[in-house]
Amino acid sequence: MAESIDESENIEVTDDDIENKSKGELIKLAGQLRDRRNDLNQLASERASKRDDLNAKTREKVDEAQEHREQRDELNSQVQEHKEKRNELNAEANELFDQVEEMKSDLELDEGSSIEQLKEEIEDLEFKQQTEVLNPEEERELIEKIEDKREQLQEKQEKLDQTGDVEELKAEAEEIRSEASQHHQKVTELADEAQKHHNQMIEAYREADEIRDEADEMHEKFVEAQEAADQHHEDFVRVQKRLRELDKKEEEEERSKREEEQEAAREEAEEIYQKFKEGETLDTEDLMKLQKTGLL
């Protein structure tokens, strides 16, 4: 960052200096003021240029931040769209899964032994019937058990035949749930991307603030140099005005002196002319004086 101007190089001018310094001293002072003013104007110009460059960089960073903001907002909008679609699909899938559970509950497929278990139990009972010696009462009870198991098996198989709709509904629900998962994945991806742009936006704004602070500081340095240059210019103008006053005074004094000399010469010439008219002989110098004043 630019340093403060070296005030030791500034030229101080007081009213007493202007009033009492000689013309030669004032001419020298005016030259010093002019040179210092020009140096300060050059310094102010350089600082103004740096300030303008920094302000331009600030605007670039703000524009960059704005671009990230727009991208972030667009991505967040897409996130919201995918969230809504995901939630709609999940709600639809949940509703179908509830229907599946309700249908399974109505069919009571989950209650009691499974079809495979029933088949094994029937096989075990039939094997017992075929291989063991049973009394009539035991035989009758065994047959009743077998018949009961067969009835359960038939009922299970009949209900199983009705589960085609359940499986189809379940498959549809799982497909919808899968689609919802895809939207959820997009939500995650887009949200991560939006966060990146948000972080880049914050960083760009932070950098813009830092550069703007530098630009503000450079502007203060520009003002410092420009004000010092303006003060030197004002003092230069004051000294120039005083020099013009002195020139005018000298001209008036010289004109007054010339007029006095001309008046004295005219009076002397008139005296010589009077002598000439009285018949006195004039020498060459007297004749030249008469010619100079136009009396001869």
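## Working through an all-helix model

The protein chain has 6 helices and 0 strands; both are DSSP runs, numbered from the N terminus, with at least four residues of H or I for a helix and at least two of E for a strand. This is a predicted model, where local features need pLDDT of at least 70 and side-chain atom pairs count only at pLDDT 80 or more, while totals for chains, interfaces and linings use all residues. Residues are numbered from 1 along each chain as its sequence is written, and side-chain values use heavy atoms, with hydrogens and water left out.

### Exercise 1: overall shape

Work out how the radius of gyration of the protein chain stands against that of a compact globule of 296 residues.

**Solution.**
- Start with the order of elements: from the N terminus on, they read α-α-α-α-α-α.
- Next, take the globule rule, which is 2.2 Å times the number of residues to the power 0.38, with the radius of gyration taken over C-alpha atoms.
- For 296 residues that puts a compact globule near 19 Å, but the chain here comes out at 58 Å.
- Now look at the principal axes: the C-alpha trace spans about 205 × 35 × 25 Å.
- Finish with the surface: about 20,500 Å² is exposed, and carbon and sulfur atoms supply 43% of it. Those areas come from the Shrake-Rupley method with a 1.4 Å probe, and for residues only the protein chains shown count as cover.

### Exercise 2: burial and contacts

Find what share of the residues is buried, and what share of the contacts with a separation of 6 or more joins residues 24 or more positions apart.

**Solution.**
- Set the burial scale: buried is under 20% relative accessible area, exposed is over 50%, and partly exposed is in between (1.4 Å probe, protein chains only).
- By that scale, buried residues make up 26% of the 296.
- For contacts, meaning heavy atoms within 4.5 Å, residues 24 or more positions apart account for 85% of those with a separation of 6 or more.

### Exercise 3: the largest nonpolar core

List the residues of the largest nonpolar core, and say which elements give two or more residues to it.

**Solution.**
- A nonpolar core is a set of buried Ala, Val, Leu, Ile, Met, Phe, Trp, Tyr and Cys residues joined through side-chain atoms within 4.5 Å.
- The largest one has 11 residues: I11, V13, I18, L26, L29, A30, L33, F236, V239, L243 and L246.
- Helices α2 (23-107) and α5 (164-277) are the elements that give two or more residues to this core.
- A second, separate core has 9 residues, including L89, V166, L169 and A180.
- Zoom in on L243: leaving out residues up to four places away in sequence, L243 touches K23, L26, I27 and A30.
- As background, nonpolar side chains in soluble globular proteins tend to be buried together.

### Exercise 4: R51 and the rings

Is R51 buried or exposed, and which ring does R51 lie over?

**Solution.**
- Place R51 in the fold: R51 belongs to helix α2.
- R51 counts as buried because its relative accessibility is 16%.
- Beyond the neighbours within four places in sequence, R51 is in contact with A215, M218, H219 and F222.
- A charge sits over a ring if NZ of Lys or CZ of Arg is within 6 Å of the ring centre and within 35 degrees of the ring normal.
- R51 lies over the face of F222, at 4.8 Å from the ring centre.
- R37 does likewise with F236, its charged end sitting over the ring at 5.0 Å from the centre.

### Exercise 5: more helix residues

Sort H82, D209 and M288 into buried, partly exposed or exposed.

**Solution.**
- H82, in helix α2, is buried because its relative accessible area is 18%. Apart from neighbours within four places in sequence, H82 contacts H183, K186, V187 and L190.
- D209, in helix α5, is partly exposed at 41% relative accessibility. D209 and I143 are 66 residues apart in sequence and 93 Å apart in space, C-alpha to C-alpha.
- M288, in helix α6 (residues 284-293), is exposed, with a relative accessible area of 53%.
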